[in-house]
Amino acid sequence: MMSTSGSITPPPKLRLSLLGAWRAQRKGWLDQFVRLQAEHGDLVELQLGRRRVFLLSDPALIHEVLALAKPVMKERGLQVNARLFLGDGLLTSQGETYKRQRQLGRPAVQAEHFPAQAAVIQDCFERTQAPWRDGESRDLARECADVTLRAAAESVLGVNFDRQLAATHAWLEEISEFARRAISNPLYFVYQHLPLPRPIRFRRARAGLNRMLEEALSASRGRPTWLGHLEAAGGELTPAQIRDLAKSVLLAGYETTANALAWTLYLISGNPGVERQLLQEFAAAPPSAATDPLPALPYTLQVVRESMRLYPPVWIVGREALTDIDLGRLQLRRGDTVYMSQYIVHRDPRHFPNPTRFDPERFASGNNHAGTTPAYFPFGAGPRSCIGKQFALQELALGLRHWLPRWRFVIDRPEPIGLDAVVTLKPLGRLRMKVFRRTA
Ligand code: HEM
């Protein structure tokens, strides 16, 4: 913002003691950030001890930051802790290792592989719903995590994942709980090695996951899967790097898509008009919807987009300046961090009128918000945006097409579901829903 003299007005500056930061972290950053933006506007500077952190909620400037290939990198606090369990995969690597991994990772999730993957994904939705009984209550967050973990693992690794599902969930829960505590706490690097119960459980879970991936890697060797392709192309990567790259894609792909699916089913269950329109679209869709769902199911895509507006599975992204950077209103010094929250921008009434209303018509073609506004960025933007966007959208469309005509989902409790916003935005606690079998 320019002042009357033509100079740039510095953003409001707030100081937070380390104790205050610790308290904010315990209460959850999402609420704190929402409050900060509401009270102080689109650019707020926070002084956390010696560290400067900016909360940026201006869509145009967010895109400028995300477009910078250099000299910014993904936020270090998250990176450092994510590396605890992700190793040196695509999500966490930087520099040359990163470039090579991104180059290798991208083709795997591109459109030309999709018809083959579509059959695998539909089979995963079929197997996940097989044990459901008419009228019973299920934790839909868990069902969604099951199906997307299966789908990511089976498309990436090319192995049936039924036997490993329960153990993998247990490992991932242990790892996420550790990661949740470790975020922005560098002491966890030391803590993870101590002979105490929690670090021991964490190390076991991490070793279990690594072992499972290594076994799957050798089982899938030579098959026409994503990993087969990767191994053939990735001569310079070590086996551990290939394993970590697979882990990155698996983890990035499953929890985000599980959240998107769970929130979408939750929203549909409270909006019978939307549900009716979806069922009509599925009934009238051409056979190509089974292999190339997005062009065949435009309303479904609108519903998914609107669901990710209200509940963006990745609710915040961060970048750290590696040198001083001048972006006009935003003047960064080396070591500064910028946070940009999809959740805040997607719910800003200046960009999305009546923002808390679930309205898939916002994304109808011809409407201003047909997915092109810079205020909508569920998959990030710029050189480090999501490589799995198409895969995720296709999986979500196929999944809704598979489950909704077979089942009606009815939320068990009337009160709104809380938010669990750590790395991703999940429903808080269980998402209990009754499932009713539809009769023809
Ligand atoms: C609804 C589902 C998904 C959402 C909302 C989502 C969102 C995102 C976002 C916002 C980023 C950028 C993070 C940043 O800028 O710091 C990202 C990166 C990434 N996503 Fe996704 N994602 C989804 C599904 C997937 C799937 C299915 C895969 C793989 C099959 C995947 C793989 C990745 C990878 C590897 C990166 C890191 C890219 C890089 O650093 O260059 N994602 N995702």
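Where is the place of W315 in this chain? W315 sits in the loop between helix α15 and strand β6, which covers residues 316-321. I begin there and shall return to this residue. Please keep in mind that the structure is a predicted model.

Let me turn to confidence. The average pLDDT over the chain is 83, and 78% of the residues score at least 70. Confidence is highest in helix α13, residues 272-284, with a mean of 98, and lowest in helix α4, residues 76-86, with a mean of 52. The pLDDT falls below 50 over residues 1-5, a stretch that has four contacts in the model beyond near neighbours in sequence. It is also below 50 over residues 76-81, and that stretch has twelve such contacts.

Next, the strands. In what order do three strands form an open sheet? The order is β5-β13-β10, and the pairing is antiparallel. At the edges are β5, residues 136-139, and β10, residues 407-411, each of which pairs on one side only. On average, neighbouring strands of this sheet are turned by 40 degrees against each other, direction ignored.

We can follow the pairing residue by residue. Between β5 and β13, the latter being residues 432-437, there are four bridges in the antiparallel sense. D139 stands opposite R432 of β13, and E136 has V435 of β13 as its bridge partner. Between β10 and β13 there are five bridges, again antiparallel. There, I411 is partnered by M433 of β13.

Which helices lie against these strands? Helix α7, residues 140-157, packs on the sheet and touches β5, β10 and β13; its direction makes about 60 degrees with that of β5. Helix α12, residues 239-269, lies across β10 and β13 and runs at about 85 degrees to β10.

A further pair of strands deserves mention. β2, residues 43-48, and β3, residues 51-56, pair in the antiparallel sense over six bridges. Q47 has R52 in β3 as its bridge partner. This hairpin has two residues between the strands, and G49 takes a positive phi near 60 degrees.

I now come to helix α13. Does its length agree or disagree with what is expected for its 13 residues? At 1.5 Å a residue, α13 should span 18 Å, and its end C-alpha atoms are 18 Å apart, which agrees. Its residues V274, L278 and E281 are buried. Seen down the axis of α13, the buried residues fall within an arc of 60 degrees, so they line one face of the helix. The spacing fits a general rule: an α-helix has 3.6 residues a turn, so residues three or four places apart point the same way. On the other side of α13, the exposed residues are P272, G273, R276, Q280, A283 and A284. The buried residues of α13 pack against α12, α15, which is residues 298-310, and α17, which is residues 389-403.

Helix α15 presents another picture. Its 13 residues should span 18 Å at 1.5 Å a residue, and its end C-alpha atoms are 19 Å apart, which agrees. How many of the 13 residues of α15 are buried? Ten are, so the helix is largely enclosed by the rest of the structure. Among these buried residues are T300, L301, V304 and M308. The elements that cover them include α12, α13, α14 (293-296), α16 (342-346) and α17.

That brings us back to W315. Is W315 buried or exposed? It has 23 C-beta neighbours inside 10 Å, and a residue is buried from 20 upwards, so W315 counts as buried. Leaving aside neighbours within four places in sequence, W315 is in contact with L30, S341, Q342, Y343, A421 and L425. W315 and P378 are 63 residues apart in sequence, yet 7.8 Å apart in space, C-alpha to C-alpha.

I close with R438, which lies in the segment after β13. R438 has 11 other C-beta atoms within 10 Å; the limit for an exposed residue is 12 or fewer, and therefore R438 is exposed. Not counting residues up to four places away in sequence, R438 touches P405, R406, W407 and R408. R438 and D134 are 304 residues apart in sequence and 8.8 Å apart in space, C-alpha to C-alpha.

Methods. Residues are numbered from 1 along each chain as its sequence is written. This is a predicted model: local features need pLDDT of at least 70, side-chain atom pairs count only at pLDDT 80 or more; totals for chains, interfaces and linings use all residues. Two strands pair if DSSP finds at least two bridges between them. Axes are lines fitted to C-alpha atoms, for helices over the stretch in contact, and angles run from 0 to 180 degrees between N-to-C directions. Two residues are in contact if their C-beta atoms, placed from the backbone, lie within 7 Å. pLDDT is the predictor's confidence in each residue, from 0 to 100. The expected span of a helix is 1.5 Å times one less than its number of residues. The arc is that of the directions from the helix axis to the C-beta atoms.
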